[in-house]
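Visitor: I would like to go through this model with you, one question at a time. Could you take me from its pockets and cavities to its sheet, and then to some individual residues?

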Amino acid sequence: MIWLPSSDPLWKSLRGIVATNVFSPRSLAVALDVRQRKVRDMVSYFRDCAGTELDVGQALYGGVLNLVSSSFCSVDVVDMGGQSAQGVRKLVEDLIEVIAKPNVSDLFPFLGPLDLQGWRRWTEIRFEKIFLILDGIIDRRMAAANASTEKQGDFLDSLLELLSTGKMARDSLTTIVFEVIAAGSDAMSITLEWAMAELLRNPSVMAKEGVEIGGYAVPNGSTVIFNAWAIMRDPAAWERPHEFVPERFLGKADQVVDFRGKAFEFIPFGSGRRLCPGVPMAERVVPFILASLLHAFEWRLPDGVSPTELDVSERFTTANVMAVPLKAVPVVIT
């Protein structure tokens, strides 16, 4: 769905299914208890690791992945902080990274079937590994549904109902589950890792947050990728654009910049018809997890690392990923 043109009837159909069955207020409200339970699981994991240095991004990824999969499919996908989480994350990161690599077929579409650089074969292997996990979840649910009339009442049940009535193909079902679980988890965990990194770089803000947080011709049919990073750091629109100043987003209601694509100086979720459908989920999950971690722990950098020395350089992919994984030490607040 991500790469389908918005004029494609399949894109319109899948977008409608996701909006109705995944990110609608009703669907998200039903999964509230699950989200709260999974955040408690994350806090418990960090509490068990208290006093030790850990890879914050890796731990967050496993926790967010299980939160999303449990919310929509009533099942954990990985062991938080374990090798399974690391393996899934590596597969997803590899796929995201290869999308940003130059591909001669993008410049000369007639060469696409030849796959001269081997990217199609490369991505197919990794998609097969991820889809093997997701198809296993789907197959087990279908087997359980055949053996019992009892339903989980979650997002996956809604999709299986569409599948049984012929309104959705099986490959579309697996693709939607992948995009919701894998892609959504990656985006939210990256956001949380950056937030933690900026807070650790700015101890004074960390203390405060603990209290306050609650003219070119473009050929027809071209794919255009705009530089959102530069737009959201434009000094003409933002005061001190390169500084971490969360207060700029905590003003009065009529002063807060809209993040749903209407204010073009701030477009973390895109805009227009291609606005990220996961906005309702992200705006509930990311602040909840961040606030929970700040409330439960005092966060410190590893011995010998000062806030000014923390490496926050970026790695070029289609997502804004930290080049050096964030390492930090959670300390239980007593």
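Guide: Let us begin with the second largest pocket, keeping in mind that this is a predicted model. Helix H1 (9-21), helix H2 (25-30), helix H3 (32-48), H4 and helix H8 (155-164) each supply at least two residues of its lining.

Visitor: How much space lies in the second largest pocket, and which lining residues are the closest to its centre?

Guide: The space in the second largest pocket comes to about 300 Å³. Its lining is made up of 20 residues, and those closest to the centre are Ser27, Val30, Gly153, Asp154 and Phe155.

Visitor: Which helix gives the most to the lining of the largest cavity?

Guide: The largest cavity holds about 60 Å³ of space, and the residues that line it are Leu65, Val77, Val88, Ile130, Ile133, Leu134, Ile181 and Ala182. At least two residues of this lining come from each of H7 and helix H9 (170-201). The helix that gives the most, with three residues, is H7.

Visitor: Which strands are the edge strands of the open sheet of three strands?

Guide: The order in this open sheet is S1-S5-S2, and the pairing is antiparallel. An edge strand pairs on one side only, and that description fits strand S1 (54-55) and strand S2 (297-300).

Visitor: Which residue in S5 is the bridge partner of Trp299?

Guide: Strands of a sheet pair through backbone hydrogen bonds, in either a parallel or an antiparallel sense. Here S2 and strand S5 (residues 327-332) are paired in the antiparallel sense, over four bridges. The bridge partner of Trp299 in S5 is Pro330.

Visitor: Which residues of S2 form its covered face, and at what angle does H12 run to S2?

Guide: In a regular strand, side chains alternate between the two faces of the sheet. In S2 the uncovered face consists of Glu298 and Arg300, while the covered face consists of Phe297 and Trp299. H12 lies across both S2 and S5, and the angle at which it runs to S2 is about 90 degrees.

Visitor: Is Asp115 buried or exposed?

Guide: Asp115 is found in the loop between helix H6 (104-107) and helix H7 (119-147), and its phi is positive, near 50 degrees, in a residue other than glycine. Because its relative accessible area is 7%, and buried means under 20%, Asp115 counts as buried.

Visitor: What is the relative accessibility of Ser74, and how does it count?

Guide: Ser74 has its place in the loop between helix H4 (56-73) and helix H5 (83-99), and although it is not a glycine, it has a positive phi of about 55 degrees. Partly exposed covers the range between under 20% and over 50%, so Ser74, at 37% relative accessibility, counts as partly exposed.

Visitor: Which UniProt annotation covers Cys276, and what is the relative accessible area of this residue?

Guide: Cys276 lies in the loop between helix H11 (228-231) and helix H12 (279-296). The UniProt annotation that covers Cys276, taken from an unreviewed entry, is "binding site". Cys276 is partly exposed, and its relative accessible area is 32%.

Key. Residues numbered from 1 in each chain as written. Predicted model: local features only at pLDDT ≥ 70, side-chain atom pairs only at ≥ 80, totals over all residues. Heavy atoms only, no water. Buried < 20%, exposed > 50% of the residue type's maximum accessible area, 1.4 Å probe, protein only. UniProt positions renumbered as here; feature names shortened; annotations may be inferred. Pairing = 2+ DSSP bridges. Contact = heavy atoms within 4.5 Å. Axes fitted to C-alpha atoms, helices over the stretch in contact; angles between N-to-C directions. 1 Å grid on protein atoms, 1.4 Å probe; cavity = no way out; pocket = protein on both sides within 12 Å on 5 of 7 lines; lining within 4 Å. Points joined across faces, edges and corners; volume = space filled by probe spheres on them.
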